[in-house]
Amino acid sequence: MGSKGIVIEIGIYEVRGALFSSFFGRTRIERMESVSIKEGETAAAVEKLIADFPSDATITLILPGHIFMIRTVPLPFIDRKRIRKSLPYEMDGLLPFPIEELLIDSLSSTPSEIGSRVMAIAIPTKLLQHYLSLFPEGRKPSIAIPDFVSLLSLGINIKGEDGIYGIVETEEGKTSIVLIQNGRPVLARSISATDGFPSVHETIRTTIKGFLDAGQKITRLYTTGSKATTDFPPIEGVEQIVPLPPIIKDISLKEKPSFATVTGGARAAMEFPWF
């Protein structure tokens with residue numbers, strides 16, 4: 001039995017959405033729409049967009065990645081349930097909010113000599129509630145994920161990659177970058193115009209610096225988004241910069257390549273943790 005879902009991404013200037021169907025692990029994007037946000041009326045744009053989609057479809061909300069906090073935490077075990085249970089205690093004191101005011105989960109865990117290295121993400125509960133309040137009653141999202149998780153979902157399904165590779169998404173007012181190695185995320189970052197907004201070239205350069213310092217290189221960076229370009233000056237440590245493939249596994253980006261985050265969200269809810 002198949003199911004239908006809606007992915008909604010709230011951006012700075014518009015709200016994007018996609019209707020998808022899922023059947024035996026395969027995902028098909030059926031329709032993609034967008035509504036401009038006029039005079040800051042985000043809730044009105046959200047309501048207008050979801051009115052065009054089936055009322056019985058579950059909603060996945062994609063949130064700006066820069067509102068999440070990311071930390072890498074070493075733990076002496078690898079069990080997923082134990083990781084989720086212990087993260088709030090391990091993150092206490094590492095974040096600029098009281099733990100009781102945060103929602104925390106792990107994005108990935110990598111085996112280490114002592115147990116595992118966990119990439120943990122957190123968001124203030126009140127901030128998540130604010131975004132949920134933009135939706136009308138009866139049409140609230142059941143899942144919320146950061147935008148970079150959608151990119152990771154696309155990235156891990158790109159075939160034939162070795163070494164460290166990633167995706168850079170450039171939109172009006174934001175840039176997101178994810179890096180992947182051996183099918184696991186090793187970095188996720190999203191910045192907005194409010195962060196001072198350096199150039200995409202500078203964002204990439206500073207983001208990968210730690211890998212270069214460790215003697216590693218990035219084999220390939222895929223670019224996507226409405227402001228995407230491959231016309232960068234050479235970046236030390238990056239061997240190749242190319243457009244994101246138009247088809248990744250069963251997700252097609254041919255019709256609207258700038259909807260990468262939205263379409264990736266259709267798979268992300270099945271492959272990664274959510275709030």
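The following paragraphs describe the overall fold, the two sheets and the open and enclosed spaces of this predicted model.

Residues are numbered from 1 along each chain as its sequence is written, and side-chain values rest on heavy atoms, with hydrogens and water left out. Because the model is predicted, local features need pLDDT of at least 70 and side-chain atom pairs count only at pLDDT 80 or more, whereas totals for chains, interfaces and linings use all residues.

To begin with the overall form, the chain has seven helices and 15 strands (DSSP runs numbered from the N terminus, with helices being H or I of at least four residues and strands being E of at least two). For 275 residues, a compact globule would have a radius of gyration near 19 Å, and the 18 Å of this chain agrees; the radius is taken over C-alpha atoms, and the globule rule is 2.2 Å times the number of residues to the power 0.38. Along the principal axes, the C-alpha atoms fill a box of roughly 50 × 45 × 45 Å.

One open sheet has five strands in the order 3-2-1-4-8, with mixed pairing; two strands count as paired if DSSP finds at least two bridges between them. Strand 3 (26-36) and strand 8 (143-146) stand at the edges with a single partner strand each, so one side of each has no neighbour in the sheet. From one strand to the next, the twist averages 20°; axes here are lines fitted to C-alpha atoms, for helices over the stretch in contact, and angles run from 0 to 180 degrees between N-to-C directions. Within this sheet, strand 1 and strand 4 are parallel and share five bridges, and Val7 has Thr60 of strand 4 as its bridge partner. Two helices lie across these strands. Helix 1 (residues 42-50) lies across strand 1, strand 2 and strand 3, at about 135° to strand 3, while helix 3 lies across strand 1, strand 4 and strand 8, at about 125° to strand 4.

A second open sheet of five strands follows the order 11-10-9-12-13, again with mixed pairing. Its edge strands, strand 11 and strand 13 (241-243), each pair on one side only. Neighbouring strands in this sheet are turned by 20° against each other on average, direction ignored. Strand 9 (residues 164-171) and strand 10 are antiparallel over eight bridges, with Val168 partnered by Ile177 in strand 10. Eight bridges also join strand 10 (residues 174-181) to strand 11 in the antiparallel sense. These two strands form a hairpin with two residues between them, and Asn182 in the turn has a positive phi of about 55°. Gln181 has Arg184 of strand 11 as its bridge partner. Helix 4 (residues 147-155) lies across strand 9, strand 10 and strand 11 at about 40° to strand 10. Helix 5 (residues 200-207) lies across strand 9, strand 10, strand 11 and strand 12 (218-224), running at about 140° to strand 11.

Another hairpin is formed by strand 6 and strand 7, with four residues between them; Gly115 in its turn has a positive phi of about 155°. The two strands run antiparallel and are joined by nine bridges, and Leu103 is partnered by Ile123 in strand 7.

Turning to the open spaces, the largest pocket has a volume of about 400 Å³. Of its 23 lining residues, Ile10, Gly11, Ile12, Tyr13 and Glu172 are the closest to its centre. On a 1 Å grid over the protein atoms alone, a pocket is an open set of points with protein on both sides within 12 Å along at least five of seven lines, a cavity is a set where a 1.4 Å probe fits but cannot get out, and lining residues have an atom within 4 Å of a point. Grid points are joined across faces, edges and corners, and a volume is the space filled by probe spheres set on the points. Strand 1 (3-10), strand 2 (14-23), strand 4 (58-63) and helix 3 (125-132) each supply at least two residues of this lining. Tyr13 itself lies in the loop between strand 1 and strand 2. Beyond its neighbours within four places in sequence, Tyr13 is in contact with Ser36, Ile37 and Glu172 (heavy atoms within 4.5 Å).

The second largest pocket holds about 230 Å³. It is lined by 13 residues, with Thr110, Arg117, Met119, Pro185 and Val186 nearest its centre. Strand 6 (102-111), strand 7 (116-124) and strand 11 (184-192) each supply at least two of the lining residues. Finally, the whole structure contains one cavity of 30 Å³ or more, lined by Val168, Thr170, Val200, Thr223, Lys227, Ala228, Thr229 and Phe232.
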